Amino acid sequence: DKVQFNINQLKSTKETNAVNIRILERANPEPKASSEASVSPPRDKKETGRLGTPQKGYVAALKDGFGFIETLQHDKEIFFHFSNVEGKAEKLEVGQEVEYSIYSREKGGKVSAEGVKPLGKGSIPKLPCKDEVLNGKVTRPLRSVNPDQADYCGLIVAKSDDGTILGEYEFRIASLLNKKELLQEGDPVNFQVSQAENFALNVKSNKQKLRSHVEAVKGQFGFLSYEQEEGKKLFFHMSEVEGGEILQVGDEVEFVVVTNQRTRKHSA
């Protein structure tokens, strides 16, 4: 059989596989029901329709073979497959600015992003914010941190030095100074407020960092000597290492502990 396909690479293992396989020509065509019958050209199972002009957004989450984009409206994420990324999908990073087109993939109204194109830093203009820097605490993380929650946006409660509540402010991936930072419920932060809307900008974690040594490295992941739970060394993935450096056994590192809200497992 002659087929058409896309190549996908798993981010964690770097293994490649074929996806979106479509038959173009059969090696042994099925016999025709009659001499007048003709073989219809293959059809996609799903109708695809482009909706509107190209848009911009931020990479909100990356998984093995797919990811999600936060829209400029900051109210939801759009699914995309690595096969629909222009260039090397494995080079994408959380928080990276991208351009994409929205396509309708199913009759049920579900959409996905196609033609995902990485943009240079600063391609999306920064939103103006007020000068005052506020202190607060995360009371709800982003949905990318806790997939089970209904709200996409995270929430920060701002307090004065004497403990008086000053207000509640939503935040998104676009709000974070370090867009790879996985803010957890209870994390202390400082931030500024947007001039146009009542949401947080330039959010920075004030969580105290810990120190430990690398105890073991196995390909793209490893373990630190630090134990969050007794007898369990703290897991880390190389994608979380700042600057893209490759850690080696014995290296001293600085880190924070994050907890997967679904599995309750800890990692650095």
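**Exercise 1.** Is T71 buried or exposed?

*Solution.* Before we start: this is a predicted model, where local features need pLDDT of at least 70, side-chain atom pairs count only at pLDDT 80 or more, and totals for chains, interfaces and linings use all residues. Residues are numbered from 1 along each chain as its sequence is written, and side-chain values use heavy atoms, with hydrogens and water left out.

Step 1: find T71 in strand β4, residues 66–71 (strands, E, at least two residues, are DSSP runs numbered from the N terminus).
Step 2: check the cover. T71 has 2% relative accessibility, so it counts as buried (buried is under 20% relative accessible area, exposed over 50%, partly exposed in between, with a 1.4 Å probe and protein chains only).
Step 3: list the neighbours. Leaving out residues up to four places away in sequence, T71 touches K76, I78 and Y100 (contact means heavy atoms within 4.5 Å).

**Exercise 2.** Work out which element gives the most to the largest nonpolar core.

*Solution.* Step 1: the core has 21 residues, and I156, F171, F191 and V203 have the most contacts inside it (a nonpolar core is a set of buried Ala, Val, Leu, Ile, Met, Phe, Trp, Tyr and Cys residues joined through side-chain atoms within 4.5 Å).
Step 2: elements giving two or more residues include β3 (49–62), β10 (165–171) and β11 (188–193).
Step 3: the winner is β11, with three residues.
Step 4: look at F171, whose contacts include V138, I156, L176 and V203.
Step 5: don't miss the second, separate core of 14 residues, with L62, V85, A89 and A113 among them.

Conventions. Helices (H or I, at least four residues) and strands (E, at least two) are DSSP runs, numbered from the N terminus.
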